[in-house]
Amino acid sequence: MKIHTQNINIKLEDIKNVLNAKFPDYKVNHFGSIDLTILKTSNIGANIFLKSNKIEVDGYFPTKGKRIAFVLSVVLLGFVIPIIFYLIFFQRKFSKFEKEVAVIIQKEFGITK
């Protein structure tokens, strides 16, 4: 989900502080200078990328190990079976969590669509 932030100066540390305050049970980690990862469970998380005029919130596997396992399953089992498995078990959960995080960011920083 893309959040357009024209004329608003938002720092990654501010986003991290807001997410820690709103989601005290979730774990928020830095991965570099332009992105954060928030973990809801061991299988559900979201990546938050800070770009020049927008913030991107993408629901995805929260750890590199799980991402690698998914990619390996696509390579070893073919494309269709892992994608069907992903769509049935994970896609809705990722999308729901992505929207939940994006709404909090929009409310806290006064961003309108």
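# Exercises on a predicted model

The structure used in these exercises is a predicted model.

## Exercise 1. Helix α2

Task: Work out whether the end-to-end distance of helix α2 agrees or disagrees with the span expected from its number of residues.

Solution. Helix α2 covers residues 64-77, which is 14 residues. At 1.5 Å a residue, with the count taken as one less than the number of residues, the helix should span 20 Å. The C-alpha atoms at its ends are 20 Å apart, so the two values agree.

Next, take the burial of the helix. A residue is buried under 20% relative accessible area and exposed over 50%. F70, S73 and V74 of α2 are buried. These residues span an arc of only 100 degrees around the axis, and therefore sit on the same side of α2. The face turned away from that buried side carries exposed residues: K64, G65, I68, V75 and L76.

Then ask what covers the buried residues of α2. The cover includes β5 and α3, the latter at 80-89. Just after α2 comes G78, with a positive phi of about 90 degrees.

## Exercise 2. Helices α3 and α4

Task: Classify the crossing of α3 and α4, and state which residues make the contact.

Solution. The axes of α3 and helix α4 (residues 91-109) come within 4 Å of each other and cross at roughly 50 degrees. Angles under 35 degrees count as roughly parallel, and 65 to 115 as roughly perpendicular. The crossing angle falls in neither range, so α3 is oblique to α4. On the α3 side the contact is made by Y86, L87, I88 and F89. On the α4 side it is made by Q91, R92, K93 and F94.

## Exercise 3. Layout of the sheet

Task: Give the strand order of the sheet and identify which strands lie at its edges.

Solution. The sheet is open and has 5 strands, in the order β1-β5-β4-β3-β2, with antiparallel pairing. Its edge strands are β1 (2-4) and β2 (27-30), each of which pairs on one side only. From one strand to the next, the twist averages 20 degrees. Helix α4 packs on this sheet and touches β1, β3, β4 and β5. The direction of α4 makes about 150 degrees with that of β5.

## Exercise 4. Strand β4 and its partners

Task: Trace the pairing of β4 with β3 and with β5, then explain why β4 is described as largely enclosed.

Solution. Begin with β3 (residues 35-39), which pairs with β4 in the antiparallel sense over 5 bridges. Within this pairing, I38 stands opposite A46 of β4, and D35 has F49 as its bridge partner. The two strands are joined by a hairpin through 5 residues.

Continue with β5 (residues 54-60). This strand and β4 run antiparallel and are joined by 6 bridges. Here the bridge partner of F49 is E56 in β5. The hairpin from β4 to β5 passes through 3 residues. F49 thus has a bridge partner in β3, D35, and one in β5, E56.

Finally, count the buried residues. Of the 6 residues of β4 (residues 45-50), 5 are buried, so the strand is largely enclosed by the rest of the structure.

## Exercise 5. Strand β3 and the hairpin before it

Task: Determine which residues of β3 are buried on each of its faces, and describe the hairpin of β2 and β3.

Solution. In a regular strand, side chains alternate between the two faces of the sheet. On one side of β3 lie D35, T37 and L39, and on the other L36 and I38. These residues are all buried, and both faces are covered. With 5 of the 5 residues buried, β3 is therefore largely enclosed by the rest of the structure.

Strands β2 and β3 run antiparallel, joined by 4 bridges. One pair is H30 with L36 in β3. The hairpin has 4 residues between the strands, and G32 takes a positive phi near 95 degrees. F31 lies in the loop between β2 and β3. Its relative accessibility is 40%, so F31 counts as partly exposed. F31 and N47 are 16 residues apart in sequence, with their C-alpha atoms 9.3 Å apart in space.

How values were computed. Residues are numbered from 1 along each chain as its sequence is written. This is a predicted model: local features need pLDDT of at least 70, side-chain atom pairs count only at pLDDT 80 or more; totals for chains, interfaces and linings use all residues. Side-chain values use heavy atoms; hydrogens and water are left out. Buried means under 20% relative accessible area, exposed over 50%, partly exposed in between (1.4 Å probe, protein chains only). Two strands pair if DSSP finds at least two bridges between them. The arc is that of the directions from the helix axis to the C-beta atoms. Contact means heavy atoms within 4.5 Å. Axes are lines fitted to C-alpha atoms, for helices over the stretch in contact, and angles run from 0 to 180 degrees between N-to-C directions. Angles under 35 degrees count as roughly parallel, over 145 as roughly antiparallel, 65 to 115 as roughly perpendicular and the rest as oblique.
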